[in-house]
Amino acid sequence: MTPLNAAFDGDGDVEDSEDGEGAGDSDGEPLAGGEAGGDGVLGLRTDVIYPLTIRQKVGKYSEATHVLHKQLIEAISESLGLEKSYLEEEIEEGSQVMAVNCYPACPQPGIALGMPPHSDFSSLTILLQSSQGLQIKDKNNNWICVPYIEGALIVQLGDQVEVMSNGIYRSVVHRVTVNKDVNRLSFASLHSLPMNKKISPAPQLVNEDKPAAYGDFSFNDFLEYISRNDLTKQRFIDTVKKNKF
């Protein structure tokens, strides 16, 4: 059993919270998805019937990745010389998007991509995958395959951390390749500040020798940008950089 399958089967339960009883009477009883952002249903589509077991396990996984995200942001803040609680309120009030992607086996993987190059708008993305396929761009603009390690979670820095750190940390430009032999599944948890919360370089990281390299932006600004622009031609974060570097 792969870790991705185990995460949603009985062998791979994320530990229950104290009040982790799920709604409904039976593990297999199908329930309709709830409204986005409501009742802990993670914004599942309201026109689809989801088995209760999926709702429960996705909910537990979501809670666990939220805790991990908070711990990682605290560690990142401390590494920058900030208080570990620097973004505590924003993290608690922020958004979390769960994206499940299936990349079918492709007869001509040399001429196709599963997903084009981009960086995530989020603060962090926590990724679980079933096989290799993720590639990241290094400082020399070379594409590097991220090795598949069974049971491992991949953590990618997003645009919000790059801006907050005033460029000390950089968001990860990545893409997804396909192969001709196997299907690939990925389960990405994207964590962001609240919709209208502006993120800007931390004042403690800005001085005469290191001026602010970015303007501020919010999740909502990003959504407005992608509604009118092609992200394959220009990354959103490039539009808020004050200097090209």
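This passage describes two sheets, two helices and two buried loop positions in a predicted model.

The sheet that is taken up here at the outset is an open one of 4 strands, arranged in the order E3-E10-E5-E8 and paired in the antiparallel sense. Its edges are formed by E3 and by strand E8, which spans residues 154-157, and each of these strands pairs on one side only. From one strand to the next the twist averages 20°. Within this sheet, strand E5, comprising residues 124-129, runs antiparallel to E10 and is joined to E10 by 6 bridges, and Ile126 stands opposite Ser189 in E10. Helix H2 packs on the sheet, where H2 touches E3, E5, E8 and E10, and the direction of H2 makes about 135° with that of E5.

Helix H2 itself covers residues 52-79 and thus has 28 residues. From the first C-alpha of H2 to the last, the helix reaches 41 Å, a value close to the 40 Å expected at 1.5 Å a residue. After H2 comes Gly81, a residue with a positive phi near 85°. In the loop that lies between H2 and helix H3 (88-92), Leu82 is found. Leu82 has a relative accessible area of 7% and is therefore buried, the limit being under 20%. When residues up to four places away in sequence are not counted, Leu82 touches Ser77, Met164, Ala202, Gln204 and Leu205. One of these contacts brings together distant parts of the sequence, since Leu82 and Gln204 are 122 residues apart along the sequence, yet their C-alpha atoms are 7.4 Å apart in space.

Helix H5, which runs over residues 219-228, has Phe219, Phe222 and Tyr225 as its buried residues. Seen down the axis of H5, these buried residues fall within an arc of 120°, so they line one face of the helix. The general geometry of such helices bears on this pattern: an α-helix has 3.6 residues a turn, so residues three or four places apart point the same way. The buried residues of H5 pack against strand E3 (95-103) and strand E10 (184-192), and E3 and E10 both belong to the sheet with the order E3-E10-E5-E8. On the other side of H5, by contrast, Ser227 and Arg228 are exposed.

Ser218 has its place in the loop between E10 and H5. With a relative accessibility of 3%, Ser218 counts as buried, because the value lies under 20%. Leaving aside neighbours within four places in sequence, the residues in contact with Ser218 are Met195, Asn196, Lys197 and Lys198.

A further open sheet is formed by 4 strands in the order E4-E9-E6-E7, and here too the pairing is antiparallel. Strand E4 (115-118) and strand E7 (143-145) stand at the edges with a single partner strand each, so that one side of each is left without a neighbour in the sheet. On average, and with direction ignored, neighbouring strands of this sheet are turned by 20° against each other. Between the edges, strand E6, made up of residues 134-137, and strand E9, made up of residues 174-176, pair in the antiparallel sense over 3 bridges. In this pairing, Leu134 stands opposite Val176 in E9.

Key: Residues are numbered from 1 along each chain as its sequence is written. This is a predicted model: local features need pLDDT of at least 70, side-chain atom pairs count only at pLDDT 80 or more; totals for chains, interfaces and linings use all residues. Side-chain values use heavy atoms; hydrogens and water are left out. Buried means under 20% relative accessible area, exposed over 50%, partly exposed in between (1.4 Å probe, protein chains only). Helices (H or I, at least four residues) and strands (E, at least two) are DSSP runs, numbered from the N terminus. The arc is that of the directions from the helix axis to the C-beta atoms. Contact means heavy atoms within 4.5 Å. Two strands pair if DSSP finds at least two bridges between them. Axes are lines fitted to C-alpha atoms, for helices over the stretch in contact, and angles run from 0 to 180 degrees between N-to-C directions. The expected span of a helix is 1.5 Å times one less than its number of residues.
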